[in-house]
Amino acid sequence: MDIFAQLPDASVLTGPERTAAYRHDESHLTGDEPLAVVRPRGPAALRALVAMAKAEGFALVPRGAGTGKAGGCLPMGRSVVVDMKDYPGEIRVSRPDLALWAPASAMLKDVKAAALAQGLFYAPDPNSWDQCAFGGTLATNAGGPGACKYGMTRQWVLAVDALMDDGEVHTFGIPSVKCNTGPSLGQLLIGSEGIFGIITGATVRLVPAPRERLTLLLPMERWHDLLDLPGRLVEAGFLPAAFEFCDPAVLSDLRTHGPEAARRMPGEALALLEFDDRDCGSEAFLEALMDGLGDLAEHLQSATDARQREALWAVRRTTSVHLKERYPEKVSEDIVVPRSRIREFFEGLEAMGLPTVTYGHLGDGNLHVNLLQAGTTPAPELERQLMDLFGLCVGLGGTLSGEHGIGLAKREAFRHFADPYQLEALGAIKKALDPSGIFNPGKVI
Ligand SMILES: Cc1cc2nc3c(=O)[nH]c(=O)nc-3n(C[C@H](O)[C@H](O)[C@H](O)COP(=O)(O)OP(=O)(O)OC[C@H]3O[C@@H](n4cnc5c(N)ncnc54)[C@H](O)[C@@H]3O)c2cc1C
């Protein structure tokens with residue numbers, strides 16, 4: 001008997017062909033064939049799914065848009081993928097509360113646009129912002145270039161609606177920044193990658209949208225001059241809304257094989273800075289900034305209107321796609337080191353002799369270290385290289401993922417480097433919230 005035919009208010013896909021796409025996300029991993037893919041259209045379907053999962057002994061694997069890079073939404077073993085794309089609800093903005101509610105199914109780009117339409121700003125900006133689902137960004141605590149000023153998704157969440165082990169949807173938090181009623185279960189769900197429950201919606205805070213933007217392209221004569229710049233700028237009182245970079249190897253690759261705009265880039269390395277402070281478009285702001293940059297400002301290009309700004313961003317935006325096309329089997333990591341230790345990190349990386357190229361978010365120390373030869377490196381050797389890389393970051397007070405999370409891809413490394421007390425505590429919380437072990441087992445911990 002097809003047990004899924006009894007599910008109320010849901011559509012169901014079964015069979016290897018119809019579920020094939022759900023065995024992949026944007027990681028290099030492949031999941032098992034799921035028992036079914038269920039698209040719930042309301043709480044009745046979720047309630048029935050929880051009861052069925054417990055009775056039949058299968059796992060529930062939540063899925064947003066499947067853009068994750070850690071394999072977190074891949075079905076493993078006896079599991080049902082819970083695709084949240086049809087979960088109902090309209091995005092609602094409350095101007096007096098400076099708050100926005102959206103269902104997990106909303107696309108992040110629509111959430112950001114709904115805020116902007118009211119002159120308000122929802123900051124989280126993963127580079128996949130036009131492809132990923134709001135629910136997925138909550139579950140992975142997503143963040144992008146703007147995190148160096150605005151923080152990650154976690155910093156924006158006021159309340160979370162989630163399906164929990166009792167089969168009901170609970171709301172954790174209120175639509176206000178002031179809520180101090182003990183530890184926050186809502187925050188525990190942010191970044192939990194689906195292991196404690198399934199997020200159905202959330203209320204996030206908004207701020208007035210920045211009215212001005214100043215974008216600067218900073219070709220660096222000497223790569224090493226770039227490494228202390230994030231810390232120096234912050235110390236001088238400038239907090240960029242983005243501080244991106246390409247190291248000499250990435251710039252050289254872009255210059256030789258990349259888009260036309262990259263071919264003309266002078267210097268050894270490239271930085272791209274964006275400011276959105278009030279008055280950042282003024283002469284006075286630019287002058288003060290140039291003073292702070294000193295002779296680094298020699299080749300600086302600046303833009304304040306949208307078209308020119310896009311032109312400056314173009315090279316940085318194409319970097320990831322360009323490298324992926326040139327090196328399809330590369331492995332791209334998203335390690336983090338504190339801003340004050342970036343120079344030490346690159347010295348350590350050089351000393352290790354790992355064959356890497358790096359670009360990413362220099363402003364908050366979140367660096368996309370790419371192992372271009374991963375495809376031809378024997379698996380144990382690649383494993384060792386990655387563990388050495390993570391060890392270097394952890395030793396400098398950093399960590400092994402700033403954006404993509406743990407999922408399946410970094411589970412072993414996470415277990416290796418995490419404080420055993422923390423692992424045990426996380427395990428105990430998992431048991432308390434998910435005693436039957438139905439929510440995305442085998443991921444993260
Ligand atoms: C080109 C590209 C660029 C990217 N850039 C960034 C970046 O700059 N910053 C960044 O943080 N990430 C980035 N990512 C990774 C990814 O886009 C983000 O992690 C995103 O938040 C995932 O959203 P999703 O809807 O696709 O989630 P999915 O991939 O579907 O799921 C991700 C995880 O969340 C869980 N999950 C999904 N929905 C729910 C739910 N409703 N309830 C509970 N758990 C759920 C899944 O089980 C899985 O563990 C990038 C990916 C790509 C392909």
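This report covers the domains, one sheet and the ligand shell of a predicted model.

## Domains

The chain falls into three parts: domain 1 (3-86), domain 2 (92-208) and domain 3 (214-395). Taken over C-alpha atoms, the centres of domain 1 and domain 3 are 38 Å apart.

## The four-stranded sheet

Strands of a sheet pair through backbone hydrogen bonds, in either a parallel or an antiparallel arrangement. Here, 4 strands form an open sheet in the order β1-β2-β4-β3, and the pairing is mixed. Its edges are β1 (10-13) and β3 (59-63), each of which pairs on one side only. From one strand to the next, the twist averages 25°.

Strands β3 and β4 (residues 79-83) run parallel and are joined by 5 bridges. Val 61 is placed opposite Val 81 in β4. Helix α2 (residues 43-56) lies across β1, β2 (36-40), β3 and β4, and runs at about 150° to β2.

## The ligand shell

The ligand is surrounded by 37 residues, of which Gly 64, Gly 68, Gly 72, Gly 135 and Gly 136 come nearest. By class, the shell holds 13 nonpolar, 17 polar and 7 charged residues.

Strand β3, helix α4 (134-140) and strand β10 (198-205) each supply at least two residues of this shell. The largest share, 5 residues, comes from α4. The ligand lies between domain 1 (3-86) and domain 2 (92-208), because both give residues to the shell around the ligand.

Terms used: Residues are numbered from 1 along each chain as its sequence is written. This is a predicted model: local features need pLDDT of at least 70, side-chain atom pairs count only at pLDDT 80 or more; totals for chains, interfaces and linings use all residues. Domain bounds come from an automatic or database domain assignment. Two strands pair if DSSP finds at least two bridges between them. Axes are lines fitted to C-alpha atoms, for helices over the stretch in contact, and angles run from 0 to 180 degrees between N-to-C directions. Two residues are in contact if their C-beta atoms, placed from the backbone, lie within 7 Å. A residue is near a molecule or strand if its C-beta atom, placed from the backbone, lies within 6 Å of it. Ala, Val, Leu, Ile, Met, Phe, Trp, Tyr, Cys and Pro count as nonpolar, Asp, Glu, Lys and Arg as charged, and the others, Gly among them, as polar.
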